[in-house]
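Biologist: I would like to learn how to read a model like this one, feature by feature. Could you walk me through it?

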Amino acid sequence: DARGREALALAIDRGAIWSVLLQRQGEAATSLLPQWLSGYAFLFRTERDLGLARQLHELVRATGPLVLVYDVGDAQARTVADRIAVDAREAGIAVQVSAANTGAYDARLVRRRFAVVEPGAALAELASAFGLAEMVRLNNPSPEQVYAAERALLETYRVVPLAYLPESYALSARVRNWMPARWGDWRLEDAWLDASAPPAAGGKP
């Protein structure tokens, strides 16, 4: 039910998830494409609204708790899923958290990495990954068309963005010219190892 999906989306406290569970890494998300990629993410505003969430949920004839599954291999996923369940409960929505398996579920918590950096292609790739490819069919689109397609997709509440997370790497001080692309690609052809620099304390030469 679209009203039930919207109710759950309005109940989620993205700010708390970002500041507490994700320890202020990255940023809370109100759109699928981040500002650095689309240029229009600031136009999306989704504030938590428990009052409206309760009203919408009361219109839905729920027969039991929503089952929210998460990837058991994702260390942060369980804590985020549990927080969503707590947020939903404040709006009167019962959510049961479970590890992803072969059982049925109503919602799933996923993490997706951007594979391309052209806005239209990135949005289409995400929609396809979520099983919503039919909603984003763009051919050499303008920024306005990409924005309209993303807004139409988000207004269905079939996908609810939560946060953008950075990727972190640990490097030796001997690595030179390491400059990964903002979307995560490694430019190994530009990196080199400084053999003259001493290894880190406790490291091997």
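Modeller: Gladly, and let us begin with a cut-off: a residue is buried under 20% relative accessible area, exposed over 50%, and partly exposed in between. A163, at 27% relative accessibility, therefore counts as partly exposed. Please keep in mind that this is a predicted model.

Biologist: Where does A163 lie, and what is it in contact with?

Modeller: A163 lies in strand β5, residues 163-164. Leaving aside neighbours within four places in sequence, A163 is in contact with L22, E27, A28 and A29. A163 and S31 are 132 residues apart in sequence, yet their C-alpha atoms are 9.0 Å apart in space.

Biologist: How should I picture the protein as a whole?

Modeller: Start with the inventory: the protein has seven helices and seven strands. Along the sequence they follow the pattern α-α-β-α-α-β-α-β-β-α-α-β-β-β. The C-alpha atoms fill a box of roughly 70 × 45 × 30 Å, taken along the principal axes. Of the 205 residues, 33% count as buried. Among contacts between residues at least 6 apart in sequence, 70% join residues at least 24 apart.

Biologist: How do I read a nonpolar core, and which residues have the most contacts inside the largest one?

Modeller: The general idea is that nonpolar side chains tend to be buried together in soluble globular proteins. Here the largest nonpolar core has 24 residues, and V80, I84, V95 and L109 have the most contacts inside it. At least two residues of this core come from each of α1 (2-11), α4 (50-58), β2 (66-70), α5 (77-90) and β3 (95-99). The largest share, six residues, is supplied by α5. Apart from this core lies another, of 17 residues, including L33, V146, A149 and L153.

Biologist: Could we look at one core residue? Which residues does V95 touch?

Modeller: Not counting residues up to four places away in sequence, V95 touches L8, P65, L66, L68, A85 and A88.

Biologist: Now the sheet. In what order do its strands run, and is the pairing parallel or antiparallel?

Modeller: Strands of a sheet pair through backbone hydrogen bonds, in either sense. In this model three strands form an open sheet in the order β3-β2-β4, with parallel pairing. The edge strands are β3 and β4 (107-109), each pairing on one side only. From one strand to the next, the twist averages 30°.

Biologist: How many bridges join β2 and β3, and which residues stand opposite each other?

Modeller: The parallel pairing of β2 and β3 runs over five bridges. V67 stands opposite Q96 in β3, and V69 stands opposite S98. As for cover, four of the five residues of β2 are buried.

Biologist: What should I check in a helix?

Modeller: Length is a good place to begin. Helix α7 (residues 143-154) has 12 residues, which at 1.5 Å a residue should span 16 Å; its end C-alpha atoms are 16 Å apart, so the two values agree. Then ask which side is covered: residues three or four places apart point the same way, because an α-helix has 3.6 residues a turn. In α7, V146, A149, E150, L153 and L154 are buried. Seen down the axis, the buried residues of α7 fall within an arc of 130°, so they line one face of the helix. What covers them includes α6 (119-129).

Biologist: Which residues of α2 are buried, and what do they pack against?

Modeller: R14, A16 and I17 are the buried residues in α2. They cover an arc of only 165° around the axis, which puts them on the same side of α2. These buried residues pack against α1, β1 and α5.

Biologist: Last topic: backbone angles. What is the usual sign of phi?

Modeller: Most residues other than glycine have a negative phi. R24 has a positive phi of about 60° although it is not a glycine. N140, also a residue other than glycine, has a positive phi near 50°.

Biologist: Where are R24 and N140 found, and are they buried or exposed?

Modeller: R24 is found in the loop between α2 (14-21) and β1 (27-28), and at 54% relative accessibility it counts as exposed. N140 is placed in the loop between α6 and α7. At 72% relative accessibility, N140 counts as exposed.

How values were computed. Residues numbered from 1 in each chain as written. Predicted model: local features only at pLDDT ≥ 70, side-chain atom pairs only at ≥ 80, totals over all residues. Heavy atoms only, no water. Core = buried A, V, L, I, M, F, W, Y, C linked by side-chain atoms within 4.5 Å. Buried < 20%, exposed > 50% of the residue type's maximum accessible area, 1.4 Å probe, protein only. Contact = heavy atoms within 4.5 Å. Expected span 1.5 Å × (residues − 1). Arc of directions from axis to C-beta. Pairing = 2+ DSSP bridges. Axes fitted to C-alpha atoms, helices over the stretch in contact; angles between N-to-C directions.
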